[in-house]
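Q: I have a model open on my screen and would like to learn how to read it. Could we go through some features together?

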Protein chains: 2
Amino acid sequence: MATDRTRAAILNAAEQLYAERGFSDVTLRDIVAAANVNLAAVNYHFGSKDELIAELFVTRSIATNRERLKELKAAEDEGRGRAPIEAVLRSLVGPTLRGCLGPDRERATAARFMIRASIEAVPPIRKIRNREISHLRRFAAAMGRSLPDVAEVDIYWGLHFALAMAHQTIRDGERLDKLSGGLCDLDDVDAVIARVVTAATLALTARRTGAAGAKAQRA
Amino acid sequence: MATDRTRAAILNAAEQLYAERGFSDVTLRDIVAAANVNLAAVNYHFGSKDELIAELFVTRSIATNRERLKELKAAEDEGRGRAPIEAVLRSLVGPTLRGCLGPDRERATAARFMIRASIEAVPPIRKIRNREISHLRRFAAAMGRSLPDVAEVDIYWGLHFALAMAHQTIRDGERLDKLSGGLCDLDDVDAVIARVVTAATLALTARRTGAAGAKAQRA
DNA sequence: GATAGTTTCATACAACTGTTTGAATTGCAA
DNA sequence: TTGCAATTCAAACAGTTGTATGAAACTATC
């Protein structure tokens, strides 16, 4: 119990490698080489490769959710229970976008690991991932409080689209950068968040009556 | 040269398995078992596993791009060179969404394979995938013709967001279904396409002056 | 129907995977 | 220091992977 240094080294190396190259391309031998520990240490400390991944995912998942909920609570407290929809959306996509695109390298690794986890959906993660649904439900509820006139189905679509835009921006930002010839600035994280939040807000509010949608059709 | 049946059987089985379970989870032995051919047939007909994947990707990539461009051309011809932005966006996201969510199982396999390819980005695909950029550039140009007042940077972001929403709907539609308790109907493909197109259109047109964005901020 | 070229097949190969083993080493309490 | 548990280590394990081999089966041409 004296030194958990080995454990920590494995966790750090694994997270970084998984974030960079994905789960299927990283072997235990890659991890132990990066962590400078013995091969058997992984099984000794974690039991198996899957349990290592699961522990990594659970830890990061809890941290991300806590950060989101903290921002959501702050926004709702400020508005005495009803936060502006933009604030709700920002608390949903902000932490991940800031984590992945921001300058803090340690946070970027953590955030990118979570993106990998949501993309590759390797077995040990798939089992745990259902909890995320209940987490997202709390945001759907908060969005419903912000927009009481919007139908429930539209709330879910808006939540889905917001996550889609944030997610894809992180995952395929490189393509957007190439496509636009560097015109789209991904380093200005706040501007990116604002774009995602604005786009999602428009999708949510325009659907309310259908009039805005029809207007857009004619434009 | 008499029977290319083996070749075709391998291609079909491989595409289906890759679409269902992803690249890293499917082995050559899985493929040849599903295709009812000998293990060595893959290397005999394609040279290697990577070349099989590459051929599959190139074929499907060309087909998808052709379908998109056909719809785009039809829309632009009808408007004498300037299609409504909704029509341009529909020609961009329509083929893939219809393919993945529609009832045609063969098309669904092809479309889901392409989604896998864009997600997992396995080495043999990564090399070819750069061509996609130039394909998307043609849509950015068409969008620019539809919305001459919108800044180029906003066009790229709108294109990016449209693909993001379509993409994520296919990839994680199951989560949306669970989250909404079945409220969000993914089987009504036209309705899904309309949602994506409308949301992207709003994001594109609202950014023009910034007023709509500000209005949305107050809502 | 013999021959040459193509395609199939069972089998083996070398490399790599996650995991296990048992001995060596370490750290700490008595 | 002695003794005991926790940890590290090199080595090997069994299983799977993509690929290669050479013989067998087939097909078409003469």
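Q: Let me start with two aromatic residues. Why are Trp157(A) and Phe161(A) separated by about one helical turn?
A: Happy to help, and please keep in mind throughout that this is a predicted model. Trp157(A) and Phe161(A) are 4 residues apart in helix 9 (residues 152-171) of chain A, so about one helical turn separates them.

Q: How many aromatic pairs are there over all chains?
A: Rings pair if their centres lie within 6.5 Å. By this rule there are 8 aromatic pairs over all chains. Take Trp157(A) and Phe161(A): their ring centres are 5.5 Å apart and their planes are at 50°, so this pair is tilted.

Q: Are Trp157(A) and Phe161(A) buried or exposed?
A: Buried means under 20% relative accessible area. Both Trp157(A) and Phe161(A) are buried.
In chain B you can look at another tilted aromatic pair, Tyr18(B) and Phe113(B), with 6.5 Å centre to centre and 40° between the planes. This pair links distant parts of the chain, with Tyr18(B) in helix 1 (residues 5-21) of chain B and Phe113(B) in helix 6 (residues 105-120) of chain B, 95 residues apart. Tyr18(B) and Phe113(B) are both buried.

Q: Which residues do ring pairs link into a cluster?
A: Look in chain A for this one. Tyr18(A), Phe23(A) and Phe113(A) form a cluster linked by ring pairs.

Q: Now the two chains together. What rotation superposes chain A on chain B?
A: For two copies, look at the turn and at the shift along its axis. Here chain A is superposed on chain B by a rotation of 180° with 0.0 Å of shift along the axis, and the RMSD is 0.1 Å. That is the relation of a two-fold axis. To find the axis on your screen, go to Ala164(A), whose C-alpha is the nearest to the axis in chain A, 2.8 Å from it.

Q: Why do the copies meet through the same surface?
A: Compare the interface residues of the two chains. Of those in chain A, 98% are also interface residues in chain B, so the copies meet through the same surface.

Q: At what angle do helix 9 of chain A and helix 11 of chain B pack?
A: For a helix pair, read the angle, the distance between axes and the handedness. Helix 9 of chain A and helix 11 (residues 189-206) of chain B pack at about 60°, and their axes are 12 Å apart. The two helices are therefore oblique to each other. Helix 9 of chain A makes a right-handed crossing with helix 11 of chain B.
Our aromatic residues return here: Val153(A), Asp154(A), Trp157(A) and Phe161(A) in helix 9 of chain A meet Val192(B), Arg195(B), Val196(B) and Ala199(B) in helix 11 of chain B.

Q: And within one chain, how do helix 4 of chain A and helix 5 of chain A cross?
A: The axes of helix 4 (residues 49-78) of chain A and helix 5 (residues 85-101) of chain A come within 9 Å and cross at roughly 150°. Angles over 145 degrees count as roughly antiparallel, and helix 4 of chain A and helix 5 of chain A are therefore roughly antiparallel to each other. Their crossing is right-handed. Among the residues that make the contact are Glu67(A) and Leu72(A) of helix 4 of chain A, and Ser91(A) and Pro95(A) of helix 5 of chain A.

Q: Is Gly94(A) in helix 5 of chain A buried or exposed?
A: Gly94(A), which lies in helix 5 of chain A, has 0% relative accessibility and counts as buried. Leaving out residues up to four places away in sequence, Gly94(A) touches Leu89(A), Gly99(A) and Ile193(A).

Q: One backbone feature to finish. Which residue other than glycine has a phi near 60°?
A: Check the sign of phi, then the place of the residue. Asn36(B) has a positive phi near 60° and is a residue other than glycine. You will find Asn36(B) in the loop between helix 2 (28-35) and helix 3 (40-46) of chain B, exposed with a relative accessible area of 72%.
Arg80(B) also is not a glycine and has a positive phi, about 50°. Its place is the loop between helix 4 (49-78) and helix 5 (85-101) of chain B, and at 79% relative accessibility Arg80(B) counts as exposed.

How values were computed
Residues are numbered from 1 along each chain as its sequence is written. Chains are lettered from A and ligands numbered from 1 in the order in which they are written. This is a predicted model: local features need pLDDT of at least 70, side-chain atom pairs count only at pLDDT 80 or more; totals for chains, interfaces and linings use all residues. Side-chain values use heavy atoms; hydrogens and water are left out. Rings of Phe, Tyr and Trp (its six-membered ring) pair if their centres lie within 6.5 Å; planes under 30 degrees apart count as stacked, over 60 as edge-to-face and the rest as tilted. Buried means under 20% relative accessible area, exposed over 50%, partly exposed in between (1.4 Å probe, protein chains only). Copies are superposed by least squares on the C-alpha atoms of residues with pLDDT of at least 70 in both. Contact means heavy atoms within 4.5 Å. Axes are lines fitted to C-alpha atoms, for helices over the stretch in contact, and angles run from 0 to 180 degrees between N-to-C directions. Angles under 35 degrees count as roughly parallel, over 145 as roughly antiparallel, 65 to 115 as roughly perpendicular and the rest as oblique. A crossing is left-handed if the near helix is turned anticlockwise from the far one by less than a right angle, and right-handed if clockwise.
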